[in-house]
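Here are a few exercises to work through at your own pace. Try each task before you read its solution.

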Amino acid sequence: FKIFVLLQCCEKMMATKRQIFSAARVRGLTRMALGSHKHARVEPGIYKLIVDEAIRQGITILEAGQDHGINKMADALSGYRDEPRLTVLNRIGYRISNISAKPPAGAIVVEAAKTPSEPSQVIHALSGAAVEELLQNSPLLDLKEENVSVIPMIHNPEEHGEDTLSRLTDAFCALEEAVCRGDIPSFGVVSNGLSLPPEHPLHLDWRSTVLRAACDAAKETYAKKSSLSIVQLPANILERRGIQVARDLKSYLNTNFKKLIHLPETLEVYIMRPLTCYPDQGTGDGDGFQLIDFPIPTEPGVTEWTHEMKRKPPVYEATMKKALSHFDATELLDAKQVRKLSEEEEQTIEGAKILLEMIQNLDRGLETSVTFSQHERELISTVAPLLEGAFAEIDEQSLEILQDFFASHGLAARYQIAKRTRSSIQGGEGVIPCKIPIDVKMQDFAIAQLLKEKSISKIVVGATKPEHVRDTMKIFKKKLK
């Protein structure tokens, strides 16, 4: 009998462990949210494929980018009536406006029109009236029959400086009224300023500004509790201030929940930019660098990751050698020693010289490119005008050689940038040292560190292709195992 009881106890314990593991597995898989910051680089048709893949992977939190991003998300989710229920984060704040249009209440200009021929400007509207207007016009709130909830997110309220608290409170009052009407389930704040140090001019204090505005709005609208449910801020293995903010915020709520009756019942912390870092712990200017290793084809049918490679892709060395040989104009230069060249031949030599110099400059540029955005910008500003102008009618063979070179040059740039990024985060000016094992991809390590933080509810990751969603989800699953 004792053995029978012992076996029953063991079976119950194993069943409990299986339930705990199953719950942890579901939680682990759903801690990824789909971000919106890359939506402008994605065509609407591809965007829907990305959203569909996210849903297929079990992601239930989807972030809609402002302006056209909201329309893309509404189109992608039109007709969705399946399970599970999805939550869409709808950012509110920035918008593009014509300088002749009357600005909404509580609006400030954050980026003036560049020229009279381009009268568009970027404004940031933060007020109850602005919130009401945006809620009325958001196509996401028209998804009445779809199994979708929409949570408005006040974006970067710190843009309003000394007026931030009063205007944020006014905006929260409008959102509380929308919750009372049943238009939305709750609301949130997404802010870069939450992760900035107090001395920074765009610092946003979560306690004296965000929570205070939330509690004041709840009082003014006679709500028992604030409907603020999400605080979203940047953090990664280099910009660690956001992680500490998440810990402090959670600790404060747990300690003061019974003392301050209007505090939200539940408040989740979402982390954005887990793989994109800026110098000086997020306070520096310029392009952010990405904590990403890339898959590079090194031989036919063989792909290696940049952290596994010891040198530039062989295909780059081969195509560059071929391009340098093709454009060296050796035959014409030899002919010039014995005869007078025609005007067309002289132009060919001059053109080859320009292309040769361009190829050599691009090769040298691999040693200085820090981010892929910087690399692309340099190509657009220097190479594109050259090819569209002087070489608009280049022969097919030369064009094919150039195309092969540019394709392989992009692979070499990814290799060099990944290597330089891994080296720089080991420690340097404006960077807290972070040791990443040589056999681990940077993105795997960066997300794994965030997943260790219990104060973080969701990690928001962007994607420009459906396979990016699958690849990122593999990191979450790998960490869970």
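The exercises below cover a sheet, some ring pairs and two charges over rings. This is a predicted model, where local features need pLDDT of at least 70, side-chain atom pairs count only at pLDDT 80 or more, and totals for chains, interfaces and linings use all residues. Residues are numbered from 1 along each chain as its sequence is written, and side-chain values use heavy atoms, leaving out hydrogens and water.

**Exercise 1.** Work out which strands stand at the edges of the sheet.

Solution. Start with the order: 3 strands form an open antiparallel sheet, β4-β6-β5. Strands are DSSP runs (E, at least two residues), helices likewise (H or I, at least four), numbered from the N terminus, and two strands pair if DSSP finds at least two bridges between them. Next, β4 (94–98) and β5 (107–111) each have a single partner strand, so they stand at the edges. Finally, 5 bridges join β4 to β6 (residues 120–125), with I96 opposite V122.

**Exercise 2.** Classify the ring pair W206 and Y252.

Solution. Rings of Phe, Tyr and Trp (its six-membered ring) pair if their centres lie within 6.5 Å; planes under 30 degrees apart are stacked, over 60 edge-to-face, the rest tilted. Here the centres are 5.4 Å apart and the planes at 70°, so the pair is edge-to-face. W206 sits in helix α6 and Y252 in helix α7, 46 residues apart.

**Exercise 3.** Which lysine lies over the face of W305?

Solution. The test asks for NZ of Lys or CZ of Arg within 6 Å of the ring centre and within 35 degrees of the ring normal. K441 lies over W305, at 4.5 Å from the ring centre. Likewise, R414 lies over F294, at 5.8 Å.
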